[in-house]
Amino acid sequence: MIKLLEEVSCDVALARATVINQYRVLGVLGQGAFGITYLGLDMTTDKKVAIKEFLPELLSYRSTSNMVRPKTYSELSTFEHFKQRFLEEAQNLARFKHHNIVRINDYFEANDTAYMVMEYENGSSLDEKIIKGAAFSESEVTALLHQLMNGLRRLHQVNIIHRDIKPGNIYIRERDGSAVLLDFGSARQALYQKSQNLTTLLTVGYSPIEQYSAGGTHQGPWSDIYALSAVGYELLTGNR
């Protein structure tokens, strides 16, 4: 079942039925400090997709014409820099076709901001399952971790780090129970390091200690392994 957010202010999110390139917005799947993720329809294939919009609340706002604008002229260069980082991240991820890593189908600029288009998967996040009190056996946790580690290994081999592994960014497919890793945080991490405001980036209980520094030094594959291990710990013990 697709769950759309209803409580999103109309001056922030794009309205339903808005068309961006070949995609029609059907509703909002999620909203955070870095942007908004929409449920969309690819009008060329008639398939549902997830569309992530670059709209960092620290730097930008939505104008009445749907354009995304920097809050001040002095922030224009910073906004443009991190918009390009967002597009570069999408480009890098689009090279991968791994069952346990979210598939990027398209990326482009529109409305003076950037978008990445991902495959939409029916299912629910691991976070939703935890909140509902789902219990996980050792064999289930082991299988889940193996799937995600196989995907991470491919990414780490080409120096891509996720940087935001947590139950909310792990999706369990309805059709086969397999796991897929969503919502990479590399561009987001760089943005908040620059602003020296890590409050909305960190997730207590999952973020490794090196992400608590505004300098962001010494991050690497080990940072993802720490976060993934924290997820496994919670699934086995019921505690962060």
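Trainee: In this predicted model, is K83 buried or exposed?

Mentor: The relative accessible area of K83 comes out at 4%. The cut-off for buried is under 20%. So K83 falls in the class buried.

Trainee: And which residue of helix 1 meets the side chain of K83 in a salt bridge?

Mentor: Helix 1 covers residues 76-94. Three residues from K83 in that helix, so about one helical turn away, sits E80. The two side chains come to 3.2 Å, N to O. The partner, partly exposed at 29% relative accessible area, is E80.

Trainee: Which distant part of the chain does K83 link to through E109?

Mentor: K83 and E109 meet in a salt bridge with 3.1 Å from N to O. K83 belongs to helix 1, and E109 is 26 residues apart from it. E109 counts as partly exposed, at 45% relative accessibility. The part of the chain that holds E109 is strand 7, residues 104-110.

Trainee: Which residues do the salt bridges with shared partners join into one network?

Mentor: One salt bridge pairs E80 with K83. Another pairs K83 with E109. With shared partners, the network is made up of E80, K83 and E109.

Trainee: How many residues apart in sequence are the parts tied together by E121 and R175?

Mentor: The side chains of E121 and R175 form a salt bridge at 3.1 Å, N to O. E121 is buried at 12% relative accessibility, whereas R175 is exposed at 60%. E121 sits in the loop between strand 8 and strand 9, and R175 in the loop between strand 10 and strand 11, so the separation in sequence is 54 residues.

Trainee: Let's move to the rings. Why is the pair of F34 and F86 tilted?

Mentor: A search of the whole structure turns up six aromatic pairs. For F34 and F86, the ring centres are 6.4 Å apart. Planes under 30 degrees apart would count as stacked and those over 60 as edge-to-face. The pair is tilted because its planes stand at 45 degrees.

Trainee: Where does F34 lie, given that its pair with F86 links distant parts of the chain?

Mentor: F86 is in helix 1, and F34 is 52 residues apart from it. F34 is buried at 5% relative accessible area, and F86 is buried too, at 1%. The place of F34 is the loop between strand 2 and strand 3.

Trainee: What is the centre-to-centre distance between F54 and F86?

Mentor: F54 comes from strand 4 and F86 from helix 1, 32 residues apart. F54 counts as buried, with 0% relative accessibility. The pair is tilted, with 45 degrees between the planes, and the distance between centres is 5.5 Å.

Trainee: Which residues form the one aromatic cluster with F86?

Mentor: F86 pairs with F34. F86 also pairs with F54. Add one more phenylalanine, and the cluster around these rings consists of F86 with F34, F54 and F79.

Trainee: Now the strands. How many bridges join strand 3 to strand 4?

Mentor: Strand 3 spans residues 35-42, and seven of its eight residues are buried. On one side, strand 2 (residues 23-31) runs antiparallel to strand 3, with seven bridges; R24, for instance, has L41 as its bridge partner. Strand 4, residues 47-54, also runs antiparallel to strand 3, and I36 has E53 as its bridge partner there. The number of bridges from strand 3 to strand 4 is eight.

Trainee: Which residue takes a positive phi in the hairpin of strand 3 and strand 4?

Mentor: The hairpin from strand 2 to strand 3 goes through three residues. The hairpin of strand 3 and strand 4 has four residues between the strands. There, the residue with a positive phi near 60 degrees is D46.

Trainee: What is the strand order in the open sheet of three strands?

Mentor: Strand 9 (123-125) and strand 11 (179-181) are the edge strands, each pairing on one side only. Strand 9 pairs with strand 10 (residues 170-173) over three bridges, and S125 stands opposite Y171. Neighbouring strands are turned by 30 degrees against each other on average, direction ignored. With antiparallel pairing, the order is 9-10-11.

Trainee: And which helix lies across strand 10 and strand 11?

Mentor: The helix in question covers residues 138-157. Against strand 11 it runs at about 35 degrees. The name is helix 3.

How values were computed: Residues are numbered from 1 along each chain as its sequence is written. This is a predicted model: local features need pLDDT of at least 70, side-chain atom pairs count only at pLDDT 80 or more; totals for chains, interfaces and linings use all residues. Side-chain values use heavy atoms; hydrogens and water are left out. Buried means under 20% relative accessible area, exposed over 50%, partly exposed in between (1.4 Å probe, protein chains only). Helices (H or I, at least four residues) and strands (E, at least two) are DSSP runs, numbered from the N terminus. Two strands pair if DSSP finds at least two bridges between them. Rings of Phe, Tyr and Trp (its six-membered ring) pair if their centres lie within 6.5 Å; planes under 30 degrees apart count as stacked, over 60 as edge-to-face and the rest as tilted. Axes are lines fitted to C-alpha atoms, for helices over the stretch in contact, and angles run from 0 to 180 degrees between N-to-C directions. Contact means heavy atoms within 4.5 Å. A salt bridge is a side-chain nitrogen of Lys or Arg within 4 Å of a carboxyl oxygen of Asp or Glu.
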